[in-house]
Structure formats: structure tokens, C-alpha cells
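Hi,

Here is the structure I promised to pass on to you. Have it open while you read, so you can click through to each spot as it comes up.

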Amino acid sequence: MGEQVVTLRLQESSAVRLVGVRACSLFVLPLAAVLAGCGATAHEAGSQRPPADAPAARCKSGPAPLGSSRVTVAAVVRSHAVVYRRPGARPFARFDRLNVNRFPNVLRVLSALRAGDCRTRWYRVQLPIKPNGVTGYVRAEAVDTGRVRSRVLVDLSARRLTLFRNGTRMLGTTVAVGSQATPTPTGRYYVNQRLIPADASGPFGPAAIGISAYSTVLTGWTQGGPIAIHGTNEPWSIGRAVSNGCIRVRNDILRRLFEVTPAGTPVLIRR
């Protein structure tokens, strides 16, 4: 059965979470309420969002890595963002506030480029486009940033997914992965969208956690064959290499993952 995330019909209240995880239940609240209550956009986060990089009294100008094994920095496009191979070069990509699925465009921040006055002028970011893992630079004023404390590891050989929070292992589960003909792509990615299917009993289960990876073989699919971590209506497939590249999780586990994997969460997929 096909697994194209683009077939999902989204709730209008779909939103990105960059900071914090609020206690709520997908079992109790209506879907729209869950997304509104647990998923504020970066603009809505208000005082929850950490302050923008405050200028220090003294600093060395140039690139500075951001994030650690416990904390990642993510950026949300304000209205539109232009991406450059390097500052001053010709642009090669553009992003509006919302992507094709009407979810806020989220970029993973790798480093900051500071000027002599110690203010951040540019961010080097990972992009949710092909080729997998492509990076570029966006102007700092084009995005809002926030910290993400979750991290996901997918081991394809073991068919295992592990969730970490603040560097501590929180959850481990068996998953279904791509078949030999349609393998799950390996690499370093991040959660770039969080989608709610119109039918929770369908092939995606109750939700899909879209990541910035694309199938390397299903190039003719709509939107280029995006990869996601999602539930399933075929629980027998868990633990097998049978998918079209997506990572299938038991529906009850998927609900737990969905609550604690905000947009910007790093996802490492290894063989």
C-alpha cells in the first residue's frame, strides 16, 4: 500500500512546536484542540521561545556551531526566506511561511554566522528538499528560532526506533522499514512537518511525523516521495522490511511519539 504523506488531508490548525511539550492526550481532546493546545507556532510561542541570539560584549566574528547532542536549534520561516549556497552567492531555493501541506516551513539550524558587532547575520540550515541533506544559508531576520530537546534514532538493521529527550533514552520500539526495492534512506534529517490524517484507521494510522528525507528510488511520486514516521493499519508489518521507505510504528506508540517530537527534532537513520 502506498505511503505518500501528501495524500493526507490536514486540519487547518496544524502547527509547529519548537519549545516545550505540554501534557495532553490525543485520546481525549478533539484533533483540532490537540493541535491548537499542544502545537503553538513559533509566533504563538511568545515567552516560551528563547530570546534571539543576544549580542555579547565581545565575540569573535565568523561561524559558530549551534546545538549539542541534547539540544537542537530549529528555525521557522516568518513570511518568506531565500536560501543561498553561501552568503552573497546567488539564491537557489525559496520558502514561504507555509509548505505545500499548509504546515509552517521549518529548517534545522546547524550554525550561526556572526558579524563584527557580534550579532547573527546568517544561519546555516538543513533544508527539507532534494537532494537529501542539502544545506544553505538564510538571513537571520527571515526566521524565528527555538530549541528542541528531543532526538530520534532509527536503526534499519535492527528495525528499531529510539527516542531521546535531553540526551536520555525515553522510548524504544520495533518498526517496519523500507523493502529492499524501496529502502528507507539513511542519513541525518529532522522533523519538518506533523500531519493528522482525515481517517485514523487508514494506512498512516492516527498521525504522521514527516521528516526532511525523500525516497531515492520513488522519484516519480507526488512531492518527490517524502518519508515519514507514521502509524499503520497493517500491524502485522511491524518488524519487517516491507514499506515504500517510510517508517511504520504501532499506533499506540505513534501517539506517544507525536506528543514529544516537535518540528525540528533531529532524526538519524542508520544502517
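Below is what I found in it, going from the whole protein down to single residues.

**The big picture**

First, keep in mind that this is a predicted model. The protein has 271 residues, and 52% of them are buried. Its secondary structure consists of 18 strands and 2 helices. If you take the contacts between residues with a separation of 6 or more, 65% come from residues 24 or more positions apart. About 12400 Å² of the protein is exposed, with carbon and sulfur atoms supplying 49% of that.

**A sheet to trace**

Try following the open sheet of 8 strands, whose order is β11-β10-β9-β18-β13-β14-β15-β17. The pairing in this sheet is mixed. Its edge strands are β11 (168-174) and β17 (247-248), each of which pairs on one side only. As a reminder, strands of a sheet pair through backbone hydrogen bonds, and they can do so parallel or antiparallel.

Start at the β11 edge. Strand β10 (residues 160-165) runs antiparallel to β11, and 6 bridges join the two. To find one of these on screen, look for Leu 161, whose bridge partner in β11 is Thr 173.

Now move along to β13 (residues 187-195). Is this strand enclosed or open to the outside? It is largely enclosed by the rest of the structure, because 7 of its 9 residues are buried. On one side, 4 bridges link β13 to β18 (residues 266-270), running antiparallel; here Tyr 190 has Pro 266 of β18 as its bridge partner. Strand β14 (residues 208-214) is also antiparallel to β13 and is joined to it by 4 bridges. In that pairing, Val 191 is matched with Ile 211.

**A helix with a buried face**

Next, look at helix α2 (residues 251-260), where Ile 253, Leu 254, Leu 257 and Phe 258 are buried. Why do these buried residues line one face of the helix? Looking down the axis of α2, they fall within an arc of 140 degrees, so they sit along one face.

**Salt bridges**

The count here is 5 salt bridges, and three pairs are worth a look.

- Arg 78 and Asp 144 form a salt bridge, with their closest N and O atoms 2.9 Å apart. This pair links distant parts of the chain, 66 residues apart: Arg 78 is in the loop between β2 (72-77) and β3 (80-84), while Asp 144 is in strand β8 (residues 143-148). Arg 78 is partly exposed, with a relative accessible area of 37%, but Asp 144 is buried at 7%.
- Asp 155 and Arg 270 meet through their side chains in a salt bridge of 3.4 Å, N to O. Asp 155 belongs to β9 (residues 150-155) and Arg 270 to β18, so this pair ties together parts 115 residues apart in sequence. Asp 155 is buried, with a relative accessible area of 16%, whereas Arg 270 is partly exposed at 40%.
- Arg 248 and Glu 234 form a salt bridge too, and their closest N and O atoms are 3.2 Å apart. Arg 248 lies in β17 and Glu 234 in the loop between β15 (226-230) and β16, so the pair ties together parts 14 residues apart in sequence. Both Arg 248 and Glu 234 are buried.

**A buried serine**

Zoom in on Ser 243, which is in strand β16 (residues 241-243). Ser 243 is buried, with a relative accessible area of 1%. Which backbone nitrogen does its side chain reach at 3.2 Å? That is the one of Gly 178. The backbone nitrogen of Gly 245 also lies 3.0 Å from a polar atom of the Ser 243 side chain.

**Backbone oddities**

Last, a few spots in loops. The peptide bond from Lys 130 to Pro 131 is cis, with omega near -5 degrees, and you will find Pro 131 in the loop between β6 (120-126) and β7 (135-139). Arg 102 is not a glycine, yet it has a positive phi of about 65 degrees; its place is the loop between β4 (91-96) and β5 (106-114). Cys 118 is not a glycine either, and its phi is positive at about 75 degrees. Cys 118 sits in the loop between β5 and β6 and is buried, with a relative accessible area of 6%.

Have fun exploring!

Notes
Residues are numbered from 1 along each chain as its sequence is written. This is a predicted model: local features need pLDDT of at least 70, side-chain atom pairs count only at pLDDT 80 or more; totals for chains, interfaces and linings use all residues. Side-chain values use heavy atoms; hydrogens and water are left out. Two strands pair if DSSP finds at least two bridges between them. Buried means under 20% relative accessible area, exposed over 50%, partly exposed in between (1.4 Å probe, protein chains only). The arc is that of the directions from the helix axis to the C-beta atoms. Contact means heavy atoms within 4.5 Å. Accessible areas come from the Shrake-Rupley method with a 1.4 Å probe; for residues, only the protein chains shown count as cover. A polar contact is a pair of N or O atoms within 3.5 Å; within protein, one must be able to donate a hydrogen and the other to accept it, and residues adjacent in sequence count only if both atoms are side-chain atoms. A salt bridge is a side-chain nitrogen of Lys or Arg within 4 Å of a carboxyl oxygen of Asp or Glu.
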